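Dear colleague,

I am handing over the structure that we discussed, and the notes on what was found in it follow below. Please read them with the model open beside you.

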Amino acid sequence: MKIWLPLLLTLAMTFPLAACGPADSPDNSQDAGAAPEQAAESPEIAGETEIPDAGMEAEPPDAGAEPEPAARQIQVQFDGGTVVYALNDSAAADALLAQLPLTVAVEDYSTNEKIFYPPQALDSADAPPAEGGAGVLAYYAPWGDVVMFYDSFRANAALYELGHAVSGAELISEMSGDVTVEAAE
């Protein structure tokens, strides 16, 4: 028993030191004892990506790189103006976008929304529930209508968010008659 106790203590003290590992292991970013030229030349030591200092600006993106995709937006045009909506990434928003351009009749419903019916139902399987208030673009699955809210509303389990107005939200309440819904440029 007396022999095992010192051996166990030695092992217990060795394991925490072993976790530090050798300086050339992938977990350590720089060897404190390495020469500066060795640290700069070795990608294993210096790392492959440089992170700019907080006070420095990042380098401009590569000229050959593809540009960021434009925001997915639609516009609803009527005699009184245009409302632009940014769409989310749901299949329901994709299905609406695929049906454009449309000329549809917009209807008043309740005291807080305008609605229209797209020609085909939208797949709401992965769409988030609609929450919020004025400016929300939603889909009411039981009736198959697209809803443009111009005031607050209560959540409903069958009401799915498609996007939000990014301009012209104050005009939604003025919509009437036929509107044109198309992809925004």
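**The strand β5 and its partners**

Strands β5 and β6 run antiparallel and are joined by 4 bridges, where two strands count as paired if DSSP finds at least two bridges between them. Before going further, please note that this is a predicted model, in which local features need pLDDT of at least 70 and side-chain atom pairs count only at pLDDT 80 or more, while totals for chains, interfaces and linings use all residues. Residues are numbered from 1 along each chain as its sequence is written, and side-chain values use heavy atoms, with hydrogens and water left out.

The names of the elements follow DSSP runs numbered from the N terminus, with helices being H or I runs of at least four residues and strands being E runs of at least two. Within the β5 and β6 pairing, Y139 has V146 of β6 as its bridge partner. The hairpin that these two strands make has 4 residues between the strands, and G144 there takes a positive phi near 75°. On β5 there is also a pairing with strand β7 (residues 159-167), again antiparallel, and this one is made by 5 bridges; in it, Y140 stands opposite L159 of β7.

How many residues of β5 are buried? The count is 5 of the 5, so the strand is largely enclosed by the rest of the structure; here buried means under 20% relative accessible area, exposed means over 50%, and partly exposed lies in between, with a 1.4 Å probe and protein chains only. V136, A138 and Y140 point one way from β5, whereas L137 and Y139 point the other way, and all are buried.

**Y140 and the aromatic cluster**

Y140, which is found in strand β5, is in contact with D145, V147, N156, A158 and L159 once its neighbours within four places in sequence are left aside, a contact being heavy atoms within 4.5 Å. The C-alpha atoms of Y140 and I115 are separated by 9.5 Å, although these residues are 25 apart along the chain.

The structure holds 3 aromatic pairs, and the rule is that rings of Phe, Tyr and Trp (its six-membered ring) pair if their centres lie within 6.5 Å, with planes under 30 degrees apart counted as stacked, over 60 as edge-to-face and the rest as tilted. One of the pairs is that of Y109 and W143, which is edge-to-face with 5.4 Å centre to centre and 85° between the planes. This pair links distant parts of the chain, since Y109 lies in strand β3 (residues 102-109) and W143 in the loop between β5 (136-140) and β6, 34 residues apart. Both rings belong to partly exposed residues, Y109 having a relative accessible area of 35% and W143 having 44% relative accessibility. Y140 and W143 form another edge-to-face pair, with 5.3 Å centre to centre and 90° between the planes. Ring pairs thus link Y109, Y140 and W143 into a cluster.

**The largest pocket**

The largest pocket contains about 330 Å³ of space. On a 1 Å grid over the protein atoms alone, a pocket is an open set of points where a 1.4 Å probe fits, with protein on both sides within 12 Å along at least five of seven lines, and lining residues have an atom within 4 Å of a point. Grid points are joined across faces, edges and corners, and the volume is the space filled by probe spheres set on the points.

Of the 13 lining residues, those closest to the centre of the pocket are Y109, E113, F149, R154 and N156. Strand β6 (residues 145-149) gives the largest share of the lining, with 3 residues.

**Two further buried residues, and the whole chain**

S124 sits in the loop between β4 (113-116) and β5 and is buried, with a relative accessible area of 15%. Not counting residues up to four places away in sequence, S124 touches A92, Y139, A141 and Y160. Q75, in strand β1 (residues 73-78), is also buried, at 16% relative accessible area.

For the chain overall, there are 4 helices and 8 strands, and buried residues make up 32% of the 185 residues.

With best wishes
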